[in-house]
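Here are some short exercises to work through with the model open beside you. Try each task before you read its solution.

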Amino acid sequence: MVKQQGIGHSCAKIILMGDHSVVYGQPAIALPLPSVGLTVTITSTTAGQTVESRYYTGDWDALPEEMAGVSKLIATLVDRFGGQNDHWHLTIESQLPAERGMGSSAATAIAIVRAFFDYYEQPLDRPTLLQLADVEEQITHRSPSGLDAATASSKTPLYYIKGQAGTSIPLNLQATMVIADTGIKGATKEAILGVQELLKNDPANAQAHIEHLGELVKATRGFLANNEVNKLGTALNAAQEDLRALQVSDDHLDHLIEVAIANGALGAKLTGGGRGGCMFAITRTALGARKLASILKENGARQTWIQPLDTRGEQ
């Protein structure tokens, strides 16, 4: 059975702590950002199977090479539902910036899968959702950890160790997050290679920073559960020092982080691969977050987002 319209939602993700060190077996914590959403809508039409997005509009089987993962995922879903002769128009509406470490491709894949299952009125369990999203992620990221898709489809923070399934952890934190985009595409591959080089040339120093990041992640898990906002801020600042020592920060990130700290943030750090991309800061109040977001824009941030972390009103 086919509905007139199927809808799928997802959201951005952010790595709170554990960037880069997670590659070397240390834990990481990632947060879903429901304030930064993505929606896919499939609407029945009289002819064709077309896609509309900020990157491309036209027949889905003519998607550009940079959307090869999306193309493979749609082909997989069309085959799964035997929909070769159905006619629809698929629209992707996203608030996520691409290549900023916020999981744009995974969020797109999650929402597409949910929209297809809604359109064909079929139940969708979480293992199937993640398995299908991985069809897109395998092509877009070659060897994805699965963290992006798991977080983009989660309602709670995930505690993650490479090679293991992420574990949902409690969030009891009266604070607000401000995320700011430097406007520079993150250079994840170069940053990863840079850390590898540092481990080769200065192994004791680099390994000490990686292990310290792991210890900060373990402590942060408790800070999130016990509303220890000040301790979280201190841990974020310490993590940024480790990341700077690993040479994955840059002048644009450092500038916005310094501005945030100078204007009342309890802590701030880069997120994701670094060398461009995004940073975030934690404030005690929503009003403080709004003020800080304006200040960051005045100081060069291309775009900002505000994510409340206090979930008490949702219970």
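The exercises below look at one helix, the cysteines and some salt bridges.

This is a predicted model, in which local features need pLDDT of at least 70, side-chain atom pairs count only at pLDDT 80 or more, and totals for chains, interfaces and linings use all residues. Residues are numbered from 1 along each chain as its sequence is written, and side-chain values use heavy atoms, leaving out hydrogens and water.

**Exercise 1.** Describe helix 8, from its span to its surroundings.

Solution.
- Start with the element itself: helices (H or I, at least four residues) and strands (E, at least two) are DSSP runs, numbered from the N terminus.
- Helix 8 covers residues 251-262, twelve residues in total, and spans 16 Å from first to last C-alpha. That is close to the expected 16 Å, where the expected span is 1.5 Å times one less than the number of residues.
- Next, look at its start: a side-chain oxygen of Asp 250 comes within 3.2 Å of the backbone nitrogen of His 252.
- Then find the buried residues (under 20% relative accessible area; exposed is over 50%, partly exposed in between; 1.4 Å probe, protein chains only). They are Leu 253, Asp 254, Leu 256, Ile 257, Val 259 and Ala 260.
- Their cover includes helix 7 (229-245), helix 9 (286-298) and strand 9 (267-271).
- Finally, Gly 264 follows the helix, with a positive phi near 100°.

**Exercise 2.** Work out why Cys 278 has no bond to Cys 11.

Solution.
- Recall that a disulfide is a covalent bond between the sulfur atoms of two cysteines; here the cut-off is a sulfur pair within 2.5 Å.
- The sulfur of Cys 278 has its closest cysteine sulfur, that of Cys 11, 15 Å away, which is too far for a bond.
- Now check burial: Cys 11 is buried at 8%, and Cys 278 is buried at 0%.
- A search of the whole structure finds zero disulfides.

**Exercise 3.** Find what Asp 19 pairs with, then follow a network that involves helix 7.

Solution.
- A salt bridge is a side-chain nitrogen of Lys or Arg within 4 Å of a carboxyl oxygen of Asp or Glu, and the whole structure has eight.
- Asp 19 pairs with Lys 269, with the closest N and O atoms 2.7 Å apart. Asp 19 sits in the loop between strand 1 (5-17) and strand 2 (28-44) and Lys 269 in strand 9, so the pair ties together parts 250 residues apart in sequence.
- Asp 19 is buried at 1%, and Lys 269 is buried at 0%.
- In helix 7, Glu 241 and Arg 244 lie three residues apart, about one turn. Salt bridges with shared partners join Glu 241, Arg 244 and Asp 254 into one network.

Methods:
Contact = heavy atoms within 4.5 Å. Polar contact = N/O pair within 3.5 Å; in protein donor to acceptor, adjacent residues only side chain to side chain.
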